[in-house]
Amino acid sequence: MFTMGVDIGSASSKCVIVDGESKIISQALIPVGTGTSGPQRAVEAALEAAGLSQMQISHVIATGYGRNTFEAADERVSELSCHAKGSFWIFPEVRTVIDIGGQDVKALSISPEGALKQFAMNDKCAAGTGRFLDVMSRILEMDVSELSEQDEKADSVVPVSSTCVVFAESEVISHLSKNVPIPNLIAGIHQSAASRAANLMKRIGVENPILMTGGVANNKGVVRSLERQLDMQVKTSPYSQFAGALGAALIAQENHK
Ligand code: ADP
């Protein structure tokens, strides 16, 4: 029996297929999200990689910001439940999850049995989200995937004190006009994002071990800055960005049974 989870975010669409033993059969990511062809393309890519047809999928759960627009879903489940489920599969010891996606930041505390105990969320402004980092990378004329490597070269941190993306954009432009070293400025941008995440985590109580999920987990500069601010280790996984879709596929399996 195969089930599918589709996570339709603001920035990307993810699809994961699992088998009856909770093993991942395939995963696909298309870097465009809700309101685009992304969800359908992610589904097609995951089916192709698995060598399966849609008919062979017993149950489909959609999650994420755009889940209500995905008509092919049998069910829709909240991102929080899916992230908790997916994170527990990735790392069963996990007690705190920090998820930084395209337009929100979520902190989750997880029980030893994998249940969601508590959460805190910022979905009201772009501060500290993937969108914040995307905007900053555009001003710096580089791809968001290049930020981490630049951050490694920093020898000090140029603080970016404005949390609002619009004001932070002006602040970064002003630093650029003063010719501050780019790696130090990027370290300041990462510190700003990580401090928003750390504050959110502290609201629910930070317990070890910590897993970071969402696309920003690919940005090791943010991960390292978060570790420094918490003085704790923050784990990531190649499946970090797929946590929501994976959780949806696993819940689909339980619900189908
Ligand atoms: P959503 O689920 O809201 O669509 P994601 O969890 O997919 O968002 O995260 C998208 C964000 O992840 C992007 O805005 C970007 O900042 C970040 N991101 C994605 N891929 C990378 C990468 N390779 N390196 C650095 N950051 C990345």
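This note goes through the sheet, the helix packed on it and the salt bridges.

1. The structure is a predicted model, in which local features need pLDDT of at least 70, side-chain atom pairs count only at pLDDT 80 or more, and totals for chains, interfaces and linings use all residues. Residues are numbered from 1 along each chain as its sequence is written, and side-chain values use heavy atoms, with hydrogens and water left out.

2. An open sheet of 5 strands follows the order β8-β7-β6-β9-β10 with mixed pairing, where helices (H or I, at least four residues) and strands (E, at least two) are DSSP runs numbered from the N terminus, and two strands pair if DSSP finds at least two bridges between them. The edge strands, each pairing on one side only, are β8 (116-122) and β10 (234-235).

3. Within this sheet, β6 (residues 96-100) pairs with β9 (residues 210-213) in the parallel sense over 4 bridges, and V97 has L211 in β9 as its bridge partner. Helix α2 (residues 79-90) packs on the sheet and touches β6, β7 (105-110), β8 and β9, contact being heavy atoms within 4.5 Å. The direction of helix α2 makes about 60 degrees with that of β7; axes are lines fitted to C-alpha atoms, for helices over the stretch in contact, and angles run from 0 to 180 degrees between N-to-C directions.

4. Strands β7 and β8 run antiparallel and are joined by 6 bridges, with K106 standing opposite M121 in β8. The hairpin of β7 and β8 has 5 residues between the strands, and G114 there takes a positive phi near 95 degrees.

5. The structure holds 8 salt bridges, each defined as a side-chain nitrogen of Lys or Arg within 4 Å of a carboxyl oxygen of Asp or Glu. In one of them E79 meets R67, with the closest N and O atoms 3.4 Å apart; E79 is in helix α2, whereas R67 is in the loop between β4 (57-63) and β5 (75-76), 12 residues apart.

6. E79 also forms a salt bridge with K106 (3.4 Å, N to O), and because K106 lies in strand β7 and E79 in helix α2, the pair ties together parts that are 27 residues apart in sequence. E79 is buried at a relative accessible area of 17%, and K106 is likewise buried at 2%, where buried means under 20% relative accessible area, exposed over 50%, and partly exposed in between (1.4 Å probe, protein chains only).

7. E152 forms a salt bridge with R224, the closest N and O atoms lying 3.9 Å apart. E152 is exposed at 57% relative accessibility, while R224 is partly exposed at 24%. Salt bridges that share partners join R67, E79, D99, D104 and K106 into one network.
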